[in-house]
Amino acid sequence: MIENEDQARAWLRDLPEADPAAIERLERLVALLAEENTRQNLVSAASLGEVWRRHIVDSAQLLTHVPRGTTPWLDLGTGAGFPGLVIAALRPDCEVVMVESRTRRIDWLERARQALGLERARVAGSRLESVQAFPAAAISARAFAPLSQLLALSARFSTSDTVWLLPKGRSATQELAELSGWSHLFHVEQSVTDAEAGIITGTLQGPIAGRGSIKTRGKRR
């Protein structure tokens with residue numbers, strides 16, 4: 001379990017996608033985030049002291065749950081850029097679509113995307129309901145909506161092969177246990193940044209008139 005900034009940076013260095021250019025982009029992102037946070041409250045001021053653990057690695061760990069080369073990636077409610085900007089910085093070859101409806105957040109995401117040279121990333125600046133559907137290879141959402149509501153809003157982007165990556169904190173197991181009406185192969189993975197946090201991941205088959213299967217297991221690579 002990662003407990004401090006030194007451990008977070010060490011973990012990141014071992015990530016296959018974290019080549020020197022990617023690390024440089026992330027360093028730039030951290031600097032831009034700190035500067036922008038003086039103008040708008042993107043993240044809590046306290047979390048900036050642990051930005052590598054709380055935001056960068058917390059986002060980057062999602063890459064360990066999908067095959068390398070997975071694209072396109074849809075990130076819902078990207079907000080301050082997590083995990084969308086981090087995924088794009090580590091995988092500049094990947095098409096990353098970041099959905100965000102708040103005007104100031106949209107402006108920040110677009111400026112950060114350009115500053116980091118993320119040409120294959122784009123910001124979908126509207127409510128999710130207005131985004132044109134496309135088959136995503138991965139769908140992520142960090143603190144976007146309760147699980148059942150999230151699926152109802154975004155299942156149209158999913159195929160039977162789409163990998164869902166949903167950091168849910170302490171509520172992961174409970175939200176999955178309470179999910180009904182969907183056929184799925186979701187399970188809970190342990191977050192590497194918080195002993196009490198979980199990530200709901202797996203695939204979605206579609207809506208049914210009953211409950212999907214529920215399974216919990218440990219982290220895999």
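**Exercise 1. Lining of the largest pocket**

Task: In this predicted model, determine which helices and strands each supply at least two residues of the lining of the largest pocket, and describe the lining by class.

Solution:
1. The elements that each supply at least two lining residues are α3 (51-60), β5 (163-169) and β7 (198-207).
2. The largest share, four residues, comes from α3.
3. The pocket itself holds about 790 Å³ of space. It is lined by 36 residues, and G77, F82, R142, A143 and F144 are the closest to its centre.
4. Sorted by class, the lining divides into twelve nonpolar, twelve polar and twelve charged residues.

**Exercise 2. Nonpolar cores**

Task: Identify the residues with the most contacts inside the largest nonpolar core, the elements that each supply at least two of its residues, and the contacts of W73 beyond four places in sequence.

Solution:
1. The largest nonpolar core has 45 residues; L12, L26, L29, I56, W73, L90 and W108 have the most contacts inside it.
2. At least two residues of this core come from each of the helices α1 (5-13), α2 (20-36), α3, α4 (84-90) and α5 (103-115), and from each of the strands β2 (96-99), β3 (121-124) and β5.
3. Once neighbours within four places in sequence are set aside, W73 is in contact with L62, L63, V66, I87, C94, E95, V96, V97, A138, S140 and L165.
4. A further core, of 26 residues, lies apart from the largest one; V97, A124, I139 and I200 are among its members.
5. As general background, nonpolar side chains in soluble globular proteins tend to be buried together.

**Exercise 3. Aromatic pairs**

Task: With ring centres required to lie within 6.5 Å, state how many aromatic pairs there are, and give the geometry and location of F134 with F157 and of W164 with F186.

Solution:
1. The count comes to two aromatic pairs.
2. F134 and F157 are 5.5 Å apart centre to centre, with 70° between the planes, and the pair is edge-to-face. The assignment follows because planes over 60 degrees apart count as edge-to-face.
3. F134 belongs to the loop between β3 and β4 (138-141), and F157 to the loop between α6 (147-154) and β5; the pair therefore ties together parts 23 residues apart in sequence. Both F134 and F157 are buried.
4. W164 and F186 are likewise edge-to-face, at 6.4 Å centre to centre and 70° between the planes.
5. Strand β5 carries W164 and strand β6 (residues 182-190) carries F186, so this pair ties together parts 22 residues apart in sequence. Both W164 and F186 are buried.

How values were computed: Residues numbered from 1 in each chain as written. Predicted model: local features only at pLDDT ≥ 70, side-chain atom pairs only at ≥ 80, totals over all residues. Heavy atoms only, no water. 1 Å grid on protein atoms, 1.4 Å probe; cavity = no way out; pocket = protein on both sides within 12 Å on 5 of 7 lines; lining within 4 Å. Points joined across faces, edges and corners; volume = space filled by probe spheres on them. Nonpolar A, V, L, I, M, F, W, Y, C, P; charged D, E, K, R; others polar. Core = buried A, V, L, I, M, F, W, Y, C linked by side-chain atoms within 4.5 Å. Buried < 20%, exposed > 50% of the residue type's maximum accessible area, 1.4 Å probe, protein only. Contact = heavy atoms within 4.5 Å. Phe/Tyr/Trp six-rings, centres within 6.5 Å; stacked < 30°, edge-to-face > 60°.
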